[in-house]
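Thank you all for coming; I would like to use these few minutes to walk through one model, taking its charged pairs and then one of its sheets. Please have a look at it first, and then I will begin.

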Amino acid sequence: MDTTEEDYYRWTQWIFLKMFENGLVFRDNALVNYCPSCKVVLSNEDSQGGECDICHSAIVQKSKTVWYLRITEYADKLLQGLEEVDYLPNVKQQQVNWIGKSTGAFVNFSLKEIDEKLRIYTTRPDTLFGVTFMVIAPEHPIIEANRDKIANIDALDAYREECAKKTEFERTQLVKDKTGVCIDGLTAINPVSGKEIPIYISDYVMMGYGTGAIMAVPAHDERDWAFAKKFGIDIVEVIKGGDITTGAYTGDGEMVNSDFLNGFDNKKDSIARMIEHLSAEGIGDMGVQYKMKDWAFNRQRYWGEPIPIVHCPACGIVPVPYSELPLRLPEVKNFEPGEGGESPLAKIESFVNCTCPKCGGAAKRETDTMPQWAGSSWYFLRYIDPHNTEALADPEKLKYWMPVDWYNGGMEHVTRHMIYSRFWHKFLYDLGVVPVAEPYAKRTAQGLILGSDGEKMSKSRGNVVDPNDMVDVFGADVLRTYVLFMGDYGSAAPWNESSMKGCKRFLERFADLMDMAKGSGETPKLTSSIHKVIKKVSLDIEDLKFNTAIAAMMGLLNDIYDKGTLTCDELGILVRLLCPFAPHLAEEMWQDLGGKGLCSLAEWPLWDEAKTVDSTVEVAVQVNGKVRATIELPLNCPAADAIAAAKANEKIVPFIEGKTVIKEISIPNKIINIVVK
């Protein structure tokens, strides 16, 4: 199955059209990272530092019409669904953080002598009396609407031009110099104190976040405090507890300088009282916001599912009929984007020019394509029924197979991919297409393999290890065993070639057991150790504790070599335990032992719980408080028998012979102490 095949992306387009029908698809203007040299729109990750990763040209912020999916409509369902699944705590927390739900208030700030308002959202309405200035995004439309009233419009335009060269990543960094320009001609009114406060534009406020305007409380916010100090703005304490002359106080405390809130605790009562006041006065109301933004869903490239939309001069935006799906990508020779960053499809007239499905008039096709996330958001459903031509999957098959029992993957996919796919799945569930609300019942994650320097592997650092090179030198089984042995499965671990060599020695010693194994049945001295290891490896595999499973087998190997013997039956058990970690060696040894079929398909060994309990135990023997020997005794050996065995030991006899025994102490299964004079 390939998400780029027409039979697959037909159903990706089908899902898109269903979302369009249900009001989850819309278009809006947005600022994007644009490389004028490559003529492409770049992600934040591809344009860090304000430069294109490919050509290193300076990128600019370009206004472009963008297709969005209203994923925020499903924000609460995505959060609630986390209570129904078995995800690792850190996986759940990353999803919660990415969605970023907060409760607070929307507040309207009036503007002096202008019949307009600046609407802000805040999680701390209790601090409104401490607001001494406002900050708006450089792109805020209120600037253009009032150009004739702004005395320093040239300074604002120059600053806005500089901001346009910065990426969203650069603009929102917390640790950076605070820059901005005070707007000369626009003044806000604090809605609770009535005081006039200045309005600044600054690059750290984005139109895409919240309302594009924020209130600033410098006494109790570190970024606002630094901004106020730089620009000489008043700092008014409204929460008692810190020294605001040296820094912002962000803790709890009694409200001060806050009129009707004075004396109340800022966490217990003040927020609720302020929201009640805002609502009663008609200047604000309770609200909810999400850090997660609606999903920007189009790309300006050839490779991607064509968006099945037609633009008609008479009818507007019209969906392609379901009967015409899949809307296929045309064959092209030139994959370069247009001068304005439009998709390569925009240059293909035979694709662009079409007939409106609604009125039959001349129309234009949408030429942007879907992102790679589209096809990957529902592939697990198509796995169930990959050749179905009537539906994305048969309903009965979906009932049988869904949800996915266990999804394991990297931590880099626990935010966007998981949230996007859960969103699509929940939408399909609401349509009645899928039988369960959550796609994945369980989610685990593996850690990164770091370079030997402890840093993430990258070509620029020169610390990348090519697995093919390791296979050439050590073999695939050694590499596989080492990767599973190098540390906790969910944690990052640095590459260490000396440990790789240790795994090679382990497998070589394991292979040499073929020369030692003789006969059938059990070796009494190994029975308990083998059953302990069967249990340990079996349970550790279920818990993804592969490193400790391998360590247990290494320990057993040492025990076997100490004993100097084992049977072919016992080796057959060990080979099956090794198979998930070193399958090539295990299959070869299984065949040499006369095993039937593939070792990987053989019945997994079972442990006998009774045999995991040791029948004997090693006990230290002290004479006058100093350990002189260790002896092996039956488990829970009676004290008299244990002391007699200790006194008869050849290493103990010289220390007690010809001396008077004053005291004999036996702690069962632990220690024996003989006191002599």
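**Salt bridges and a sheet**

Let me start with K611, which forms a salt bridge with E522, the closest N and O atoms being 3.0 Å apart; I should say at once that this is a predicted model, and that the distance is to be taken in that light. Where do the two partners, K611 and E522, lie? K611 lies in the loop between α21 (583-592) and β21 (616-623), whereas E522 is in the loop between α17 (513-516) and α18 (524-542), so the pair ties together parts that are 89 residues apart in sequence. K611 is partly exposed, with a relative accessible area of 30%, and E522, at 44% relative accessibility, counts as partly exposed as well. Elsewhere, salt bridges that share partners join E144, R147, D157 and R160 into one network.

In general terms, side chains of opposite charge can pair when their charged atoms come close, and a search of the whole structure finds 24 salt bridges.

One of them links D385 to K397, with the closest N and O atoms 3.3 Å apart. Here D385 sits in the loop between α11 (379-384) and α12 (395-401), while K397 belongs to helix α12, so this pair ties together parts that are 12 residues apart in sequence. Is D385 buried or exposed? D385 is buried, because its relative accessible area is 8% and the cut-off for buried is under 20%; K397, for its part, is partly exposed, at 37%.

A further pair is found within a helix: K504 forms a salt bridge with E508, and the closest N and O atoms are 2.5 Å apart. Being 4 residues apart in helix α16, which covers residues 497-511, K504 and E508 are separated by about one helical turn. K504 is partly exposed, with a relative accessible area of 28%, and E508 also counts as partly exposed, at 39%.

Let me turn, finally, to the sheet. It is an open sheet of 4 strands in the order β14-β13-β16-β15, with antiparallel pairing. Its edge strands are β14 (316-319) and β15 (353-355), each of which pairs on one side only, and the twist averages 45° from one strand to the next. Looking at one edge in detail, strand β13, residues 309-312, is joined to β14 by 4 bridges, and these two strands run antiparallel. Within that pairing, H311 of the model stands opposite I317 in β14.

Terms used:
Residues numbered from 1 in each chain as written. Predicted model: local features only at pLDDT ≥ 70, side-chain atom pairs only at ≥ 80, totals over all residues. Heavy atoms only, no water. Pairing = 2+ DSSP bridges. Axes fitted to C-alpha atoms, helices over the stretch in contact; angles between N-to-C directions. Salt bridge = Lys/Arg side-chain N within 4 Å of Asp/Glu carboxyl O. Buried < 20%, exposed > 50% of the residue type's maximum accessible area, 1.4 Å probe, protein only.
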